[in-house]
Amino acid sequence: MSFDHRKIELKWQKYWEKEGLYQAKDFDKRLKQYILIEFPYPSGERLHVGHGRSYCCLDAVARLQRMKGRNVLFPIGWDAFGLPAENYAIKTGIHPSITTKENIANAKKQAQSWGLSFDWEREINTTDPDYYRWTQWIFLQLYQKGLAYKAEIPVNWCPKDKTNLADEEVVAGKCERCGTPVERRTQSQWLLKITAYADRLIDDLETVDYREDIKAQQVNWIGRSEGAKIAFKILDLESKIEVFTTRPDTLYGATFLVLSPERAQEVLGKGVRPEVEDYIRKALKKSELQRQEQAKEKTGVFSGFYAQHPLTGEKLPVWVADFVLSGYGTGAIMAVPAHDQRDFEFAKKYDLPVKEVIKSEVGSALSKQPFKGEGTLVNSGEFDGLQSKVAIDKITQFLEQKKLGERAIDYKLRDWVFSRQHYWGEPIPIIFCRHCWERKSEKEQKEAREGIDFVKIAGKEHAVVTVSGEDLPVELPYVENYKPTETGESPLATVKDWVNVRCPICKSQARRETDTMPNWAGSSWYFLRYLDPKNDKKFANPDKLKYWLPVDWYNGGMEHTTLHLLYSRFWHKVLFDLGLVPTKEPYARRTSHGVVLGTDGQKMSKSRGNVTNPDEVVAEFGADTFRMYEAFMGPFEQMIAWDPKGVLGVHRFLDRVWKAHEEVSSQQPAVSSKELERELHRLIKKVEEDTLNLKFNTAIAAMMAFINEVASSEYLVAREDWQLFLEVLAPYAPHLSEELWHDLGEEGSVHRQSWPKWDPKLIKEETVTIAIQVNGKFRGTVAVSAGAAEEEVVARAREVESVKRYLEEGKTTAAGGVPQKAGLAKTIFVPDNLINFVVS
RNA sequence: GCUGAGGUGGCGGAAUGGUAGACGCGCGCGCCUCAAGAGCGCGUGGUGGCAACACCAUGAGGGUUCGACUCCCUCCCUCAGCACCA
């Protein structure tokens, strides 16, 4: 008969909670193991099967590690600031703090119904003032270190969400969240200087265990390239244009310069020809997306100016074109049409000269396409004949000597735009004070203007003053209207008695920063707060940080590789530099679970109607079935479709375990067969190894095979052996294994047992089946005692009927009936495994 | 274009130098049953053959090896990330 999960699951969940089974102990002598899953956003949609994949599988790991004697920390919390709660509030008028609370309560109930072994004592919530107090505090550390600054910059503006976005949040020119094309706007924004950490964010990847593609994505995103900055003098203007290139070896091939529209405006000023001004104005109005869409056809305009080639002195025309990006390098390039695809296309279109300076070995057709590779320099004065690699060095050196240029490294990574003009986020703990500004000496004001310590409000300069530590948190005030504004001003600006505040320094009337932090702020350090969630003196006790860090295993979604993962590594490194955390890297190991697709193989979405609700699965089949299916459905790191039939298969397995238990416990005293004992010990080894190597699917497959074996052996299993099996099952099916464990009359929890030790002697078979090959082709098997010598195996194998005829001299082989002489050339013998007769 | 991961039965997938297809789904046959959509048992890569058995088969082609899904080379395709990044 089938077991009734409803009768057992709640019972054991309550029991575990009462026993405090999953509480991590600070400073315990056992080896620590910090297992982390990305904490969920508590949305109205509840937890979905994708959360289940991550949580259920890592829960099995946590449970296994506990049984292996580790002091396991497996925490959870809520990443609760963000737009959905705010949008919901705008629609319904219900305050986000209320919906957030409800959503958390619901999600928590779900997580508990899955029997996850989280340490609920350490639960955190990023919207809790006791939590975001420290988010604000860390922001102030960044500010004081010069890593946070406010600047007028072009930002990515989403007209639908009415907010600006970090570069990382813009995908193909569209808002990552809602898909609306992003506009360019100039706004005063807070930025975090993540670029200062670019090198370390790349280099330190060497020290951590992340999957290849995760590392590659981070490296690509940061996009470091080495080259040189070279200065070109503009004739008739007292200025220079600096360009960045990774190919100084092609310098002699530069036939014109191109400025981005943004840079052109700066360098050339107002007095340019009308068509140039017109081009610049139009280009600046284009959105990111428009620029990308028009990328196929390059446009540009001659500026009317010429620059001087630093080495040849030639007159090079200066063009303005929007294929040159303002945000990369210096916003200006030297165009080498002979050796760069884009420059080539541009030169062809506007009939600009193409000058070959790199000869390829195979010869090239420069009339049709540029040669982009490395080769030997020609037409390059004294550098002729050098190889590209050498020339890059020599030319750069030469430029440095003549003070015409210098070695340079550039990154695709931009500083992180950190302020949002929204309600539901952490207030940025900054105050702007006019009086403090006026009190400054002229020299101080000049320094401030050159630095970052001032802000213009309504045309007037204000000093930037930090909220002092004891005034934290700056609590988010209650507002009537959460709606973001068209102007991009935060809704907080309307809360007059919150905005107007006494300056903490001079006590005069000042105003608060009304922007809030992006939803990535709270998640950038949450794994630290789990270590000491109730500390009201520090973000965490240093000794606890020392004991628990780094996170041993962090699992989460691939979509966070260039967002959350990069941001939190950055914050951690800043904290490390401040001596506030003991490790350079937060996460020793990072894995990513594959996305769970709908039953139709498409992304799950309400509009497609292919969403599986985990609660329904749990209600019908139980948490153990749900958990095991999540782990069994396929390779953990691979995208995979939800299959209701597969759920059924796992459920049948658990039924068979239940049945086996009844049979086994009614047939006592029984003795396990040698064969079964061997299988059991192999199972222990396999489940342990596979679980730690995230091969959850094969771990479960092995358990299934074992139960099939038990059934075919008439359930003759010794009670001790059955107990071992229940212990092996426990990490994956915690409720059922606990029920059956107690049914055997055992005291205490199965989850408190130590993980069974597999016996290497038992795993070895007494008799082994040797595969027999002739010329590498499988022809039969022979059973011999383990460790049998080659001579014995050869002798036995030769007698096997299916093998014999391939070895007899002068006999005809079956293949095509061609007569062959079978002379034995040699034999390959792999002990306890295989014998291969090589016949000529 | 660059970077990364892949390509194995009807399907999800096992096996990283040694008997390809574990385990699950599906399908077929049988048992149980008034009857099953439940359960149990057996079978299940393809081709030929009554059968024993043989041959073919891991995207394509080549190579290394006694032996290749696995290692090397060339090519094709799929997925993911980035992309006018100079």
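Leaving aside its neighbours within four places in sequence, which residues is Trp416 in contact with? In this predicted model, the partners of Trp416 are Ala166, Trp190, Leu191, Leu192, Ile194, Pro518, Trp520, Ser524, Tyr567, Phe570 and Trp571. Trp416 also belongs to the largest nonpolar core, so let's start there and then visit a buried helix, a buried histidine and the RNA.

**Nonpolar cores**

- The largest nonpolar core has 92 residues, and the members that touch the most others are Phe139, Trp190, Trp416, Phe570 and Trp571.
- Helix α5, spanning residues 129-144, gives the most to this core, contributing eight residues.
- Another core lies apart from it, with 85 residues that include Ile37, Val596, Ala702 and Tyr732.

**Helix α25**

- Helix α25 covers residues 734-743, and because eight of its 10 residues are buried, the rest of the structure largely encloses it.
- The buried residues here are Pro734, His735, Leu736, Ser737, Glu738, Glu739, Leu740 and Trp741.
- If you'd like to trace what surrounds them, these buried residues pack against α1 (5-19), α2 (49-67), α20 (623-632), α21 (644-666) and α24 (719-729).
- After α25 comes Gly745, which has a positive phi near 90 degrees.

**His560**

- You can find His560 in the loop that runs between β26 (553-556) and α18 (564-577).
- With a relative accessible area of 18%, His560 counts as buried, because the cut-off for that is under 20%.
- Not counting residues up to four places away in sequence, His560 touches Glu38, Trp520 and Leu565. Trp520 is also one of the contacts of Trp416.
- Pro427 is 133 residues from His560 along the chain, and their C-alpha atoms are separated by 24 Å.

**RNA strand B**

- There are 55 residues around RNA strand B, and those that come nearest are Thr246, Arg342, Gln638, Arg652 and Asn836.
- Sorted by class, the surface near the strand has 23 nonpolar, 17 polar and 15 charged residues.
- Looking from the RNA side, 67% of the strand's atoms within 4 Å of the protein belong to sugar or phosphate, and the rest belong to bases.
- For a base contact, see Leu325, where a polar backbone atom is 2.7 Å from a base nitrogen of RNA strand B.
- For a phosphate contact, see Tyr328, where an N or O atom of the side chain is 3.0 Å from a phosphate oxygen of RNA strand B.
- At Lys412, a polar side-chain atom lies 3.4 Å from a sugar or linking oxygen of RNA strand B.

Technical notes
Residues are numbered from 1 along each chain as its sequence is written. Chains are lettered from A and ligands numbered from 1 in the order in which they are written. This is a predicted model: local features need pLDDT of at least 70, side-chain atom pairs count only at pLDDT 80 or more; totals for chains, interfaces and linings use all residues. Side-chain values use heavy atoms; hydrogens and water are left out. A nonpolar core is a set of buried Ala, Val, Leu, Ile, Met, Phe, Trp, Tyr and Cys residues joined through side-chain atoms within 4.5 Å. Buried means under 20% relative accessible area, exposed over 50%, partly exposed in between (1.4 Å probe, protein chains only). Helices (H or I, at least four residues) and strands (E, at least two) are DSSP runs, numbered from the N terminus. Contact means heavy atoms within 4.5 Å. A residue is near a molecule or strand if one of its heavy atoms lies within 4 Å of it. A polar contact is a pair of N or O atoms within 3.5 Å; within protein, one must be able to donate a hydrogen and the other to accept it, and residues adjacent in sequence count only if both atoms are side-chain atoms. Ala, Val, Leu, Ile, Met, Phe, Trp, Tyr, Cys and Pro count as nonpolar, Asp, Glu, Lys and Arg as charged, and the others, Gly among them, as polar.
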